[in-house]
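Subject: A structure for you to look at

Hi,

Here is the structure I promised to pass on. Please open it and have a look around, then read on for what turned up in it.

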Amino acid sequence: MRKRLQKIIAEAGICSRRKAEELIKAGKVTVNGKPAELGDKADPERDEILVEGKPIKIPEKVYIMLNKPAGYVSSTKSQFGEKTVMQLLKGLRVRVFPVGRLDVDTEGLLLLTNDGDFANRVMHPRYEIRKTYFVVLDGELAESDFEKLKRGILIDGKRVKIDLIEKRGKNKYRLVIHEGMKRVVKRLFAALGFRVKYLFRDKIGNLSLHGLPRGKWKRLSKRELRLIFSENLSDSFKKS
Ligand code: URA
(Lines give C-alpha, C1' and ligand atoms only; values in the text may rest on other atoms or scores of the structure.)
Protein backbone atom coordinates (compact mmCIF):
# COMPACT_ATOMS: atom_id res chain seq x y z
CA MET A 1 0.00 0.00 0.00
CA ARG A 2 1.30 3.50 -0.89
CA LYS A 3 1.85 5.75 2.09
CA ARG A 4 3.61 9.02 2.85
CA LEU A 5 7.35 8.49 3.14
CA GLN A 6 7.64 10.01 6.60
CA LYS A 7 5.03 7.51 7.85
CA ILE A 8 6.95 4.58 6.33
CA ILE A 9 10.23 5.75 7.85
CA ALA A 10 8.65 6.23 11.28
CA GLU A 11 6.96 2.81 11.12
CA ALA A 12 10.32 1.24 10.31
CA GLY A 13 11.48 2.63 13.67
CA ILE A 14 14.23 4.83 12.17
CA CYS A 15 13.03 8.12 13.67
CA SER A 16 9.90 10.16 14.37
CA ARG A 17 7.69 11.41 11.54
CA ARG A 18 8.90 14.96 12.12
CA LYS A 19 12.59 13.93 11.93
CA ALA A 20 11.78 11.91 8.80
CA GLU A 21 10.31 15.06 7.20
CA GLU A 22 13.56 16.88 7.94
CA LEU A 23 15.59 14.06 6.35
CA ILE A 24 13.37 14.17 3.25
CA LYS A 25 13.73 17.98 3.01
CA ALA A 26 17.51 17.64 3.40
CA GLY A 27 17.56 15.26 0.38
CA LYS A 28 18.71 12.30 2.51
CA VAL A 29 15.90 9.98 1.40
CA THR A 30 15.73 8.33 -2.02
CA VAL A 31 13.03 6.24 -3.65
CA ASN A 32 14.16 3.94 -6.45
CA GLY A 33 17.33 5.97 -6.80
CA LYS A 34 15.69 9.42 -7.00
CA PRO A 35 15.78 11.98 -4.17
CA ALA A 36 12.37 12.18 -2.51
CA GLU A 37 10.38 15.33 -1.85
CA LEU A 38 8.16 16.10 1.09
CA GLY A 39 4.66 14.80 0.33
CA ASP A 40 5.91 11.89 -1.81
CA LYS A 41 4.31 8.50 -1.31
CA ALA A 42 5.83 5.06 -1.80
CA ASP A 43 5.01 1.40 -1.36
CA PRO A 44 7.46 -0.04 1.18
CA GLU A 45 6.92 -3.55 -0.19
CA ARG A 46 7.75 -2.62 -3.81
CA ASP A 47 9.89 0.53 -3.81
CA GLU A 48 13.52 0.72 -2.75
CA ILE A 49 13.66 3.36 -0.03
CA LEU A 50 17.05 4.48 1.29
CA VAL A 51 17.56 6.74 4.29
CA GLU A 52 21.04 8.24 4.36
CA GLY A 53 22.07 5.52 1.93
CA LYS A 54 20.73 2.59 3.98
CA PRO A 55 17.70 0.51 2.95
CA ILE A 56 14.86 0.61 5.45
CA LYS A 57 13.68 -2.62 7.01
CA ILE A 58 9.94 -3.10 7.16
CA PRO A 59 8.98 -4.77 10.42
CA GLU A 60 7.10 -8.02 10.09
CA LYS A 61 3.34 -7.49 10.49
CA VAL A 62 2.02 -9.34 13.48
CA TYR A 63 -1.63 -10.14 14.29
CA ILE A 64 -2.50 -11.70 17.59
CA MET A 65 -5.58 -12.75 19.47
CA LEU A 66 -5.59 -12.90 23.23
CA ASN A 67 -8.18 -14.37 25.57
CA LYS A 68 -8.06 -11.48 28.02
CA PRO A 69 -8.76 -12.29 31.66
CA ALA A 70 -10.37 -9.76 34.00
CA GLY A 71 -7.93 -7.55 35.90
CA TYR A 72 -5.79 -6.44 32.93
CA VAL A 73 -5.90 -3.02 31.27
CA SER A 74 -6.10 -3.01 27.43
CA SER A 75 -3.21 -0.66 26.98
CA THR A 76 0.52 -0.73 26.31
CA LYS A 77 1.35 1.21 29.50
CA SER A 78 -0.30 1.32 32.88
CA GLN A 79 -0.95 4.71 34.44
CA PHE A 80 -1.40 3.66 38.04
CA GLY A 81 0.62 0.44 38.20
CA GLU A 82 -2.22 -1.82 37.03
CA LYS A 83 -1.44 -4.99 35.10
CA THR A 84 -1.62 -4.56 31.33
CA VAL A 85 -2.42 -7.08 28.60
CA MET A 86 1.22 -6.72 27.46
CA GLN A 87 2.28 -8.77 30.47
CA LEU A 88 0.37 -11.72 29.02
CA LEU A 89 2.31 -11.74 25.73
CA LYS A 90 5.21 -13.78 27.02
CA GLY A 91 7.61 -14.93 24.34
CA LEU A 92 6.53 -12.33 21.78
CA ARG A 93 9.53 -10.33 20.55
CA VAL A 94 7.63 -7.77 18.45
CA ARG A 95 6.01 -4.60 19.82
CA VAL A 96 2.25 -4.61 19.32
CA PHE A 97 -0.69 -2.57 20.60
CA PRO A 98 -4.32 -3.48 21.39
CA VAL A 99 -6.92 -2.94 18.68
CA GLY A 100 -9.58 -1.04 20.61
CA ARG A 101 -10.16 -1.98 24.20
CA LEU A 102 -12.00 -4.19 26.61
CA ASP A 103 -12.74 -2.80 30.08
CA VAL A 104 -10.51 -4.03 32.87
CA ASP A 105 -13.27 -6.36 34.17
CA THR A 106 -14.28 -7.59 30.67
CA GLU A 107 -12.90 -10.89 29.43
CA GLY A 108 -12.46 -12.47 26.03
CA LEU A 109 -11.24 -11.77 22.53
CA LEU A 110 -8.79 -8.90 22.17
CA LEU A 111 -6.75 -8.33 18.99
CA LEU A 112 -3.24 -6.91 19.08
CA THR A 113 -1.07 -5.86 16.16
CA ASN A 114 1.72 -3.59 14.96
CA ASP A 115 -0.25 -2.78 11.78
CA GLY A 116 -1.94 0.61 12.16
CA ASP A 117 -3.95 0.27 8.92
CA PHE A 118 -5.39 -3.05 10.06
CA ALA A 119 -6.29 -1.59 13.48
CA ASN A 120 -8.08 1.34 11.82
CA ARG A 121 -10.10 -0.99 9.63
CA VAL A 122 -11.21 -3.14 12.52
CA MET A 123 -12.25 -0.10 14.55
CA HIS A 124 -13.65 2.20 11.85
CA PRO A 125 -17.48 2.36 11.99
CA ARG A 126 -17.57 2.29 8.15
CA TYR A 127 -16.70 -1.43 8.17
CA GLU A 128 -19.43 -2.22 10.72
CA ILE A 129 -17.58 -5.23 12.10
CA ARG A 130 -19.86 -7.13 14.45
CA LYS A 131 -18.72 -8.11 17.91
CA THR A 132 -20.43 -10.87 19.85
CA TYR A 133 -20.69 -10.67 23.65
CA PHE A 134 -21.98 -12.94 26.36
CA VAL A 135 -23.58 -10.79 29.09
CA VAL A 136 -24.82 -11.55 32.59
CA LEU A 137 -27.14 -8.89 34.02
CA ASP A 138 -28.42 -8.22 37.53
CA GLY A 139 -31.99 -8.83 36.39
CA GLU A 140 -34.19 -10.10 33.60
CA LEU A 141 -34.98 -8.08 30.49
CA ALA A 142 -38.67 -7.49 29.75
CA GLU A 143 -40.10 -7.83 26.23
CA SER A 144 -40.17 -4.00 26.06
CA ASP A 145 -36.39 -3.90 26.77
CA PHE A 146 -35.73 -6.18 23.79
CA GLU A 147 -37.80 -3.82 21.64
CA LYS A 148 -35.91 -0.75 22.90
CA LEU A 149 -32.54 -2.38 22.21
CA LYS A 150 -33.59 -3.24 18.67
CA ARG A 151 -35.03 0.25 17.98
CA GLY A 152 -31.89 1.88 19.39
CA ILE A 153 -30.98 3.72 22.57
CA LEU A 154 -29.53 7.23 22.71
CA ILE A 155 -25.97 7.33 24.04
CA ASP A 156 -24.03 10.60 23.86
CA GLY A 157 -26.62 11.90 21.39
CA LYS A 158 -26.19 8.90 19.07
CA ARG A 159 -28.84 6.22 18.49
CA VAL A 160 -27.07 2.93 19.18
CA LYS A 161 -28.75 -0.16 17.76
CA ILE A 162 -27.85 -3.73 18.42
CA ASP A 163 -27.81 -6.34 15.65
CA LEU A 164 -29.10 -9.24 17.71
CA ILE A 165 -29.98 -10.23 21.27
CA GLU A 166 -30.87 -13.71 22.49
CA LYS A 167 -31.71 -15.04 25.92
CA ARG A 168 -29.24 -17.72 27.04
CA GLY A 169 -30.38 -18.51 30.59
CA LYS A 170 -31.48 -16.70 33.72
CA ASN A 171 -30.27 -13.07 33.29
CA LYS A 172 -27.85 -14.31 30.59
CA TYR A 173 -27.81 -12.96 27.04
CA ARG A 174 -25.87 -13.16 23.81
CA LEU A 175 -25.54 -9.78 22.13
CA VAL A 176 -24.21 -8.84 18.69
CA ILE A 177 -23.36 -5.19 18.07
CA HIS A 178 -21.25 -3.27 15.54
CA GLU A 179 -21.07 0.03 17.44
CA GLY A 180 -17.60 0.36 18.96
CA MET A 181 -17.94 3.28 21.38
CA LYS A 182 -16.35 2.99 24.84
CA ARG A 183 -18.25 0.85 27.36
CA VAL A 184 -21.12 0.59 24.90
CA VAL A 185 -22.60 -2.65 26.24
CA LYS A 186 -22.63 -1.49 29.86
CA ARG A 187 -24.08 1.88 28.86
CA LEU A 188 -26.87 0.29 26.82
CA PHE A 189 -27.99 -1.87 29.72
CA ALA A 190 -27.49 0.98 32.22
CA ALA A 191 -29.92 3.03 30.09
CA LEU A 192 -32.48 0.25 30.67
CA GLY A 193 -31.76 0.18 34.42
CA PHE A 194 -29.52 -2.94 34.50
CA ARG A 195 -25.98 -3.52 35.68
CA VAL A 196 -23.66 -5.81 33.73
CA LYS A 197 -22.27 -8.33 36.21
CA TYR A 198 -20.11 -10.20 33.70
CA LEU A 199 -19.06 -9.42 30.13
CA PHE A 200 -17.20 -11.70 27.75
CA ARG A 201 -16.38 -11.01 24.08
CA ASP A 202 -16.46 -14.17 22.07
CA LYS A 203 -16.22 -12.99 18.46
CA ILE A 204 -15.02 -10.17 16.20
CA GLY A 205 -16.61 -10.57 12.78
CA ASN A 206 -16.55 -14.33 12.28
CA LEU A 207 -13.31 -14.83 14.21
CA SER A 208 -13.91 -16.53 17.54
CA LEU A 209 -11.67 -17.54 20.43
CA HIS A 210 -12.32 -21.15 19.56
CA GLY A 211 -11.11 -22.76 22.78
CA LEU A 212 -8.06 -20.51 23.34
CA PRO A 213 -7.57 -20.76 27.12
CA ARG A 214 -8.02 -17.68 29.31
CA GLY A 215 -4.80 -15.62 29.50
CA LYS A 216 -3.30 -17.27 26.40
CA TRP A 217 -2.50 -15.73 23.00
CA LYS A 218 -1.79 -16.95 19.50
CA ARG A 219 -0.79 -15.52 16.14
CA LEU A 220 -3.59 -15.35 13.59
CA SER A 221 -3.30 -17.16 10.29
CA LYS A 222 -4.36 -15.44 7.06
CA ARG A 223 -7.52 -17.51 7.08
CA GLU A 224 -8.34 -16.33 10.60
CA LEU A 225 -7.62 -12.72 9.62
CA ARG A 226 -10.07 -13.02 6.74
CA LEU A 227 -12.74 -14.21 9.17
CA ILE A 228 -12.69 -10.80 10.86
CA PHE A 229 -13.78 -9.15 7.63
CA SER A 230 -15.71 -11.99 6.08
CA GLU A 231 -19.06 -10.21 6.42
CA ASN A 232 -17.53 -7.17 4.78
CA LEU A 233 -14.26 -8.13 3.14
CA SER A 234 -11.73 -5.34 2.96
CA ASP A 235 -9.59 -5.21 -0.16
CA SER A 236 -6.18 -6.06 1.24
CA PHE A 237 -7.35 -9.16 3.05
CA LYS A 238 -9.36 -10.38 0.07
CA LYS A 239 -6.12 -10.68 -1.89
CA SER A 240 -4.00 -12.51 0.69
N1 URA B 1 -18.72 -2.74 26.03
C2 URA B 1 -18.45 -2.52 27.33
O3 URA B 1 -19.28 -1.94 28.04
N4 URA B 1 -17.28 -2.94 27.82
C5 URA B 1 -16.36 -3.60 27.08
O6 URA B 1 -15.31 -3.96 27.61
C7 URA B 1 -16.64 -3.83 25.73
C8 URA B 1 -17.82 -3.38 25.22
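A quick definition before we start: a polar contact here is a pair of N or O atoms within 3.5 Å. Please also keep in mind that this is a predicted model.

Let's begin with the ligand. A nitrogen atom of the ligand and a polar backbone atom of V185 are 3.2 Å apart, so the pair falls within the 3.5 Å limit for a polar contact. Oxygen atoms of the ligand have partners in the backbone too: a backbone N or O atom of D103 is 2.7 Å from one, and for K186 the corresponding distance is 3.0 Å. On its own, the ligand would expose 240 Å², and the protein buries 96% of that area.

Now for the residues around it. The shell consists of L102, D103, T106, Y133, R183, V184, V185, K186 and L199. Sorted by class, five of these shell residues are nonpolar, one is polar and three are charged. Helix α5, which spans residues 184-191, gives the largest share of the shell, with three residues.

One member of the shell, R183, is worth a second look when you go through the backbone. R183 sits in the loop between β14 (172-177) and α5. Its phi is near 50°, a positive value in a residue that is not glycine.

Next, the space itself. The ligand takes up the second largest pocket, whose volume is about 350 Å³. There are 22 residues lining this pocket, and those closest to its centre are R101, Y133, G180, M181 and R201. Y133 also belongs to the ligand shell, which makes Y133 a handy place to start if you want to view the pocket and the ligand together.

Several elements contribute to the pocket wall: α3 (116-123), β10 (131-137), α5 and β15 (196-204) each provide at least two lining residues. The lining as a whole is made up of 11 nonpolar, three polar and eight charged residues.

One last item concerns another loop. E52 is found between β5 (49-51) and β6 (54-55). Like R183, E52 is not a glycine and has a positive phi, in this case about 50°.

That is the tour. Enjoy exploring!

Best wishes

Definitions and conventions:
Residues numbered from 1 in each chain as written. Predicted model: local features only at pLDDT ≥ 70, side-chain atom pairs only at ≥ 80, totals over all residues. Heavy atoms only, no water. Near = heavy atom within 4 Å. Polar contact = N/O pair within 3.5 Å; in protein donor to acceptor, adjacent residues only side chain to side chain. Areas by Shrake-Rupley, 256 points an atom, 1.4 Å probe, with all protein chains shown as cover. 1 Å grid on protein atoms, 1.4 Å probe; cavity = no way out; pocket = protein on both sides within 12 Å on 5 of 7 lines; lining within 4 Å. Sits in = over half its atoms within 2 Å of the grid points. Helix = DSSP H or I, 4+ residues; strand = E, 2+ residues; numbered from the N terminus. Nonpolar A, V, L, I, M, F, W, Y, C, P; charged D, E, K, R; others polar. Points joined across faces, edges and corners; volume = space filled by probe spheres on them.
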